[in-house]
Amino acid sequence: MLTDDFIYLDNNATTPPDPAVIEEMLPFLTKYYGNPSSGYAFAAKSRKAVELARERLAALLGCDTSEIVFTSGGTESNNAVIHSTLAYSAVAATKAGQSETGGKFATGRIRHGGRVVTTAVEHSAVLRPCQDLERRGCLVTFLGVDREGNVDVAELEAAIGPETVLVSMMWANNETGVLFPVEKIAEICRQKGVLFHTDAVQATGKIPMRLRDTAINFLSLSAHKFHGPKGVGALYVNRRTSFHPLIAGGGQENERRGGTENVASIVGLGKAAECASEYLSEGKVLVRSMRDRFEKAVLETVSGAAVNGADAARIPNTSSFSFEGIESPAALLLLDRHRICCSAGSACRTGSQEASHVLRAMDPSGDGARRSLRFSFGRFNTEAQIGRAIEVVPKVIEKLREVAAPARGSAVSSVATAP
């Protein structure tokens, strides 16, 4: 899957497509190009392929095929839930108010007093829509986390009030891999009559799911996080939950997402889901073994190293390290020279000068956010690659500390001799 030149340890940013996924997609990029909404026999091939993909994804998630809506990815799915929930709430509230006077109700306005509850460590695909809602008059509660990245369920429960219309919490954190108890949270929301959404982009294909046995109303996912193609994802909508589409159009996806289906990519998503189902048990053990081997070796050989969220429940592929005496950008540059791909946090924040909001939330008074690296593993990594990374990473940290030491010494000397 990978060339000998690079060791790819950034599988939370994206994953290499499974060769089986590419093979299954190719005919729908060349031979079977029919529009699945067309009525003739040639288009039926595309239509049946989309429905097969829906069946495969439903099997991975443990839900009904009717509950799957194909989208362009996790970001669209998250936005669709947040905005449609608030729009529906606005319509319902306005209808209720206008019914007393016999007036007409308005649509599309945010109901003042409506509240969304989320966390301070969500992906930007949830945080930014929520921040936008705040600017438009919606109340948003951003719950904090402890030093391990855990959310306080009692604090969450207390934050849900009569005005709350939606709780949105990620299943697995994209930077630390920390898992939230979303099934328990969903049940709390159900008991309080509040809709629950989870961004499961990092969890899908990495942990078993059986959504039909949960109280989850909405779930977002993206194919490229589990060895599928980029630019395609899905939204799970519980069959008993009302949903108002973000994108209106020709009535595709059972009137829930307008626009001609991206057939080849949907086919790829379905195949990736099927592969994930097959490899989930075996692959989880394999990937966890590589992750644990890497963590153990780094902690034993690098002083001042710590795993962010080490004592929390985590997905099996993610290691977020903080290293004393380094700066993340310099470490990434040096590791890149050694052909090792990793990150300082979310790939969607690459280029930003701000430290990770996730790590700042976990330790607001510390500087760990600026000296952390994320290594995320996948089933196409090899033990030889892990061995090479174990050899290189400690040397890179040592080199950076050697370079930084004279500069720190000079600064201390300057302070000491200052008049």
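## Exercises on strands, patches and salt bridges

Strand S3 (residues 115-119) is largely enclosed by the rest of the structure, because five of its five residues are buried. Buried means under 20% relative accessible area, exposed means over 50%, and partly exposed lies in between (1.4 Å probe, protein chains only). Strands (E, at least two residues) and helices (H or I, at least four) are DSSP runs, numbered from the N terminus.

This is a predicted model: local features need pLDDT of at least 70, side-chain atom pairs count only at pLDDT 80 or more, and totals for chains, interfaces and linings use all residues. Residues are numbered from 1 along each chain as its sequence is written, and side-chain values use heavy atoms, with hydrogens and water left out.

**Exercise 1.** Sort the residues of S3 by the way they point, and find the strand that pairs with S3.

*Solution.*
- Step 1: recall the rule. In a regular strand the side chains alternate between the two faces of the sheet.
- Step 2: sort. Arg-115, Val-117 and Thr-119 point one way, Val-116 and Thr-118 the other way, and all are buried.
- Step 3: find the partner. S3 pairs with strand S4 (residues 139-143) in the parallel sense, over five bridges. Two strands pair if DSSP finds at least two bridges between them.
- Step 4: pick one position. Val-140 in S4 stands opposite Val-116.

**Exercise 2.** Do the same for strand S2 (residues 68-71).

*Solution.*
- Step 1: take the two faces. Ile-68 and Phe-70 lie on one side, Val-69 and Thr-71 on the other. All are buried, and both faces are covered.
- Step 2: find the partner. S2 and strand S8 (residues 233-237) run antiparallel, joined by four bridges.
- Step 3: pick one position. Phe-70 has Ala-234 in S8 as its bridge partner.

**Exercise 3.** Describe the salt bridge of Arg-54 and that of Arg-239.

*Solution.*
- Step 1: define the contact. A salt bridge is a side-chain nitrogen of Lys or Arg within 4 Å of a carboxyl oxygen of Asp or Glu. The structure holds 26 of these salt bridges.
- Step 2: take Arg-54. Its side chain meets that of Glu-51 at 3.0 Å, N to O. The two are three residues apart in helix H3, so about one helical turn separates them. Arg-54 is buried at 8% relative accessibility, while Glu-51 is partly exposed at 35%.
- Step 3: take Arg-239. It forms a salt bridge with Glu-67, with the closest N and O atoms 3.5 Å apart. Arg-239 lies in the loop between S8 and helix H8 (252-255), and Glu-67 in the loop between H3 and S2, so the pair ties together parts that are 172 residues apart in sequence. Glu-67 is buried, at 2% relative accessibility.

**Exercise 4.** Which residue is the salt-bridge partner of Glu-295, and are the two buried or exposed?

*Solution.*
- Step 1: name the partner. Glu-295 forms a salt bridge with Arg-314, and the closest N and O atoms are 2.8 Å apart.
- Step 2: place both. Glu-295 lies in helix H9 (residues 263-301) and Arg-314 in the loop between strand S9 (305-307) and strand S10 (318-323), so the pair ties together parts 19 residues apart in sequence.
- Step 3: check the cover. Glu-295 and Arg-314 are buried.
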